[in-house]
Amino acid sequence: MSEKKSNRDLVQAKLAKRHRSETTFRAVGLGAILIGIALVFVLFGSILYKGVPAFWQATLHLEINFDPEVIDIDPRPVQQPGQSAAEHLDNVNAWIRGLRRARFDRLVQSAIAAEIPAAGDPSETRNVYGLVNANARYELAALVEADPSIIGTTVPVALVANENVDTWLKGNIDRDLPQRMQQLSPEQQEWADALYDRGVIEMNFASSIFTNVDSRSSGATAGLLGAMVGSVMMMLIVMTVAVPVGVMAAIYLEEFAPKNRLTDLIEVNINNLAAVPSIVFGLLGAAVFINFLGLPLSAPLVGGLVLSLMTLPTVIIASRAALRAVPPSIRQAALGIGASPTQAMFHHTLPLAVPGMLTGAIIGVAQALGETAPLLLIGMNAFVASVPSTPLDQASALPVQIYLWQGNENRNFFESRTAAAILVLLGVMITLNALAILMRHRFERRW
């Protein structure tokens, strides 16, 4: 009896030890998950904390008097009878050049002097004009160009403030720093605070982030439009090249290719390519597409082809996994009723594998969207202040624009602008992943 009890106690002790081990393992696993979630929240929290304020920007709301004595220019040319369209265009362009030479800074100074009389001193012109962005004169000239009748009238105008004013008012620079370390002069600091207190300067939504291209002359109005269009063009090329080629390669390797050493070698190389650092694809793209084929530097076409090469292994592996997930009975049933292997594949197996293939393809495209290293090697880190109209035009991309902004010398302003660009990129990637989920569910219900 005592021997049975001893054995029972030994078994219970072992069971208790096993249960403690399982409890400890579950606790460690849960702790690891919680730590991972906490780190993700810290990461996204820091990005949101820095990036969200960048979507609101200091803007001056001024009553601008378009004084005809300052804008001393003839009326806009009208095409005369017998004058060719080219001659008329030359006259209009000359009129625009003359208009842009007008002293629009005086108009800004007069408007600010209406609020702060000390700002009207001619010796303070430089300080006053330093309150608005460097492109303000061109914005005012564009208003006159669009409607010359405003000359001689007073018009309410919203001008984006200088990036240093935005930094000062948001508290992104320590106000207790010595003046030699400040970005604004004492007068500009005083006037910026006074205008903000009076409501002349407001924090308005920074639509320029989405509607403007990058700018070196006016950081306050620098935007992501060119980079977003460049990224969209590259993603269209990736979806046009990588997805069809990857899916067809997966179908052949999984369903039709003979199992021999050659196909084994191909499969091993595909798996190895999926683990190759992305910068290697950039070197390959620079050597093949630029040096050998002579395609232009910094073009979305080259970027899209490089990213297609990088995405191909992911698409192939995901597509093959989706095909393997289809029950063999589907193929056997199709073959049993007289379908050919090709008909069984495209009429029965492929429709059931489409959701998984779409998920893998869109996740691969989303991964390509966030790549920076291969794009740097094909010249897409060049400063491009225009929106590409074709895939052969010079362009930037969202990840590269983030890289360029984080290295800008005006860290106090562009740190938050960089975080805002990261939020835009994350928004696009989350949208792509959500699209993959929706399409997967749609095809699952359909088939």
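**Exercise 1. The sheet**

Task: In which order do the 3 strands of the open sheet lie, and is the pairing parallel or antiparallel?

Solution. The model is a predicted one.
Step 1. The order of the strands is β2-β1-β3, and they pair in antiparallel fashion.
Step 2. β2 (154-160) and β3 (201-205) are the edge strands, each with pairing on one side only.
Step 3. From one strand to the next, the twist averages 40 degrees.
Step 4. Between the antiparallel strands β1 and β3 there are 5 bridges. W56 has F205 in β3 as its bridge partner.
Step 5. Packed on the sheet is helix α3 (residues 104-113), which touches β1 and β2. The direction of α3 makes about 95 degrees with that of β1.

**Exercise 2. An aromatic pair**

Task: Of the aromatic pairs in the structure, take F55 and F210; find why the pair is stacked and which parts of the chain the pair ties together.

Solution.
Step 1. There are 5 aromatic pairs in the structure.
Step 2. A pair of rings is described by the distance of the centres and the angle of the planes.
Step 3. For F55 and F210 the centres are 6.0 Å apart and the planes stand at 15 degrees. Centres within 6.5 Å make a pair, and planes under 30 degrees apart count as stacked. The pair is therefore stacked.
Step 4. F55 is in the loop between α1 (2-51) and β1 (56-65), while F210 is in helix α8 (residues 208-211), so the pair ties together parts 155 residues apart in sequence.
Step 5. The relative accessibility of F55 is 11%. Since buried means under 20%, F55 counts as buried. F210, with 31%, is partly exposed.
Step 6. F55 and F210 belong to one aromatic cluster that also holds W56 and F205.

**Exercise 3. A second pair**

Task: What is the geometry of the aromatic pair W405 and F414, and are these residues buried or exposed?

Solution.
Step 1. The rings of W405 and F414 are 5.7 Å apart, centre to centre, with 55 degrees between the planes.
Step 2. The pair is tilted.
Step 3. W405 and F414 are both buried.

**Exercise 4. Two arginines**

Task: Over the face of which residue does R137 lie, and which side chain does R324 join in a polar contact?

Solution.
Step 1. R137 lies over the face of Y138, 5.8 Å from the ring centre.
Step 2. R324 is placed in helix α12 (residues 300-324).
Step 3. The side chains of R324 and E254 are joined by a polar contact of 3.4 Å.
Step 4. R324 and Q57 are 267 residues apart along the chain, and their C-alpha atoms are separated by 53 Å.

Note on methods:
Residues are numbered from 1 along each chain as its sequence is written. This is a predicted model: local features need pLDDT of at least 70, side-chain atom pairs count only at pLDDT 80 or more; totals for chains, interfaces and linings use all residues. Side-chain values use heavy atoms; hydrogens and water are left out. Rings of Phe, Tyr and Trp (its six-membered ring) pair if their centres lie within 6.5 Å; planes under 30 degrees apart count as stacked, over 60 as edge-to-face and the rest as tilted. Helices (H or I, at least four residues) and strands (E, at least two) are DSSP runs, numbered from the N terminus. Buried means under 20% relative accessible area, exposed over 50%, partly exposed in between (1.4 Å probe, protein chains only). A charge sits over a ring if NZ of Lys or CZ of Arg is within 6 Å of the ring centre and within 35 degrees of the ring normal. Two strands pair if DSSP finds at least two bridges between them. Axes are lines fitted to C-alpha atoms, for helices over the stretch in contact, and angles run from 0 to 180 degrees between N-to-C directions. Contact means heavy atoms within 4.5 Å. A polar contact is a pair of N or O atoms within 3.5 Å; within protein, one must be able to donate a hydrogen and the other to accept it, and residues adjacent in sequence count only if both atoms are side-chain atoms.
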